[in-house]
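This report looks at the fold, the surface and the chain contacts of the structure shown below.

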Amino acid sequence: MQYAVLVYETETELSNRLDPEKVGPYMAPYAAYWQALEESGVAAGGNGLEHPNTATTLRVRDGKREVQDGPFADTKEMLGGLFIIDVETEEEALQWAAKCPSASTGSVEVRPIMSDPEPDGE
Amino acid sequence: MVNNDDPHFTIERVARESYGRLIAYLASDTRDISEAEDLLSEAFQKALQTWPENGVPNHPEAWLLKVARRKLIDWVRKRKMQSKHEDTLLQIYTSEKDANDMTVDDRRLGLMFACAHPEVDRSIHTPLILNVILGLTAKQIASAFLVKPETMGQRLSRAKSLLKTQQIPLEIPEQSEFGERLSSVVEAIYCAFGLGWEMVPGSNPDSGALSNEAFWLSEYLARTLPNEPETLGLHALMLYIESRKNSRIIENEFIPLDKQSPDSWNHDFIDRANQLLQTASEKKQIGRFQLEACIQSAHCERATTGKINWPAIITLYQALLQIAPSLGAQVAYASALYKAGQLDAAEEALNQFDQNSISTYQPFWVLKTWLHLERNKTTEAKKTQQIAIGLTEDKNVRNYLLQVWKR
């Protein structure tokens, strides 16, 4: 079963990306995490996202377009990336999520990926 | 300021200290843990209503028990069909016999044995004990086990249902089964202690902070079954490990065991553990937890001898692997061989595993990295070090590994 492991980071953590001195030590745990996911055969995809300040949010309502600078929500912790993992059980997914570096400093959301509907499904 | 006569304070205190005892007592009568929980919950609510007005009773536990029993009488009478057992119960409860019982019998041990019964799924033994004996919530337990709280709640319900429908006695088992059943209880308590934290760097020692609960349970078990060497062994093991608890992370920095300062260990705990091991050894019945405790004792000996007796530890692991082989023990054994300078033997010990069993076991990859580095296999080491770090849950240990392996 596939799960999305959504990485939520604090502003402090995210700010490391913008600091040439800090970006290396900041990324190192994520690189290691990815290696571990690959080595154990559960890695099924994922990507880091650029800093939330590069995001643009868009809505279309009644033919009217609305474009905003910034991410969907200005919350304490913001989406920084995601991993897709393929595991047998939900527990396994949670165990992997606990090892994600942002689990220690921010939060991690684990959500099952929708599986394809039955061909003749109602 | 806390006032001992404050009803809310007392209720909280009684709840915390007596929950398990009251549940065990009620459950052994109702033979239904879920029902016992509901009865007790109602009794606590009644206490919250009446104690502020009428004052806290002299024997709060006995009061709660009486109310719970009265409630049960109501419920049983309202039930359309009554079992023979319920008839008997009604007779006992409505008689004046127990009216003056001030202390509540301790039936928790029997309840613990039921929680670790062979018909109950092994993976739920520990959560059940934590929930039923200590009153921990499904959410608290779920956190420690890294399980969805909803899922944990369902599993606990199912287990209690099973105990009821299978009519599993909530009692200490017969002599013939006792040894094996006791093993299950001891293992379940140990599991709570080691949750996520396999006494090696890599996992978060604060996983739900259940180590305190496990510690309490092991102390309770050693106290109630003082003639069983494995219960003494278990508690000794926990004392040794707890003695070093504050030395492991200092100012967010992880300090590996062999670099810790023995001055910072709790020597009172170590002394108590030594005594327990001594008493246990007199029974001449070696077991898994006595051996694990001996290994930890050897580590703690550094406080007096100034060094670690690796040959002794290696021998102890060999004995442990004979009676209780496990992934953790095998890797720890390999690690001891490495520390003792026996590289070939260490590598040999690590080759026992197939890819599946070790792929997510952090200590394996940590040791593999050290071994590669000893052999100057830098490319291999770079790979295994990434995996080891990627598998590390504890941020402080992660930082330590990133530091210590920096090129």
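## Fold of chain A

Helices and strands are here DSSP runs, with helices (H or I) of at least four residues and strands (E) of at least two, numbered from the N terminus. In this predicted model, chain A holds 4 helices and 6 strands, and their order along the sequence reads β-α-α-β-β-β-β-α-α-β.

Taken along the principal axes, the box filled by the C-alpha atoms of chain A is roughly 45 × 40 × 20 Å. Among the contacts in chain A with a separation of 6 or more, 72% are between residues that lie 24 or more positions apart.

## Burial, surface and charge

Chain A has 122 residues, and 33% of them count as buried. The area that chain A exposes is about 7,800 Å², with 50% of it supplied by carbon and sulfur atoms.

Chain A carries 9 positive and 23 negative charges, and the mean positions of these two sets are 11 Å apart.

## Interface with chain B

Where chain A meets chain B, 19 residues of chain A are in contact with 20 residues of chain B. The area buried between the two chains is about 1,700 Å², and carbon and sulfur atoms give 58% of that area. On the side of chain A, the residues that lose the most area to chain B are A:Glu39, A:Glu91 and A:Lys99, which together account for 32% of what that side buries.

The count of salt bridges between chain A and chain B is 2. A:Glu91, already named for the area it loses to chain B, meets B:Arg155 through its side chain in a salt bridge, with an N to O distance of 2.8 Å.

Note on methods:
Residues numbered from 1 in each chain as written. Chains lettered and ligands numbered in written order. Predicted model: local features only at pLDDT ≥ 70, side-chain atom pairs only at ≥ 80, totals over all residues. Heavy atoms only, no water. Buried < 20%, exposed > 50% of the residue type's maximum accessible area, 1.4 Å probe, protein only. Contact = heavy atoms within 4.5 Å. Areas by Shrake-Rupley, 256 points an atom, 1.4 Å probe, with all protein chains shown as cover. Lys, Arg positive; Asp, Glu negative; His and termini not counted. Charge placed at Lys NZ, Arg CZ, Asp CG, Glu CD. Buried area = accessible area lost by both parts, 1.4 Å probe. Salt bridge = Lys/Arg side-chain N within 4 Å of Asp/Glu carboxyl O.
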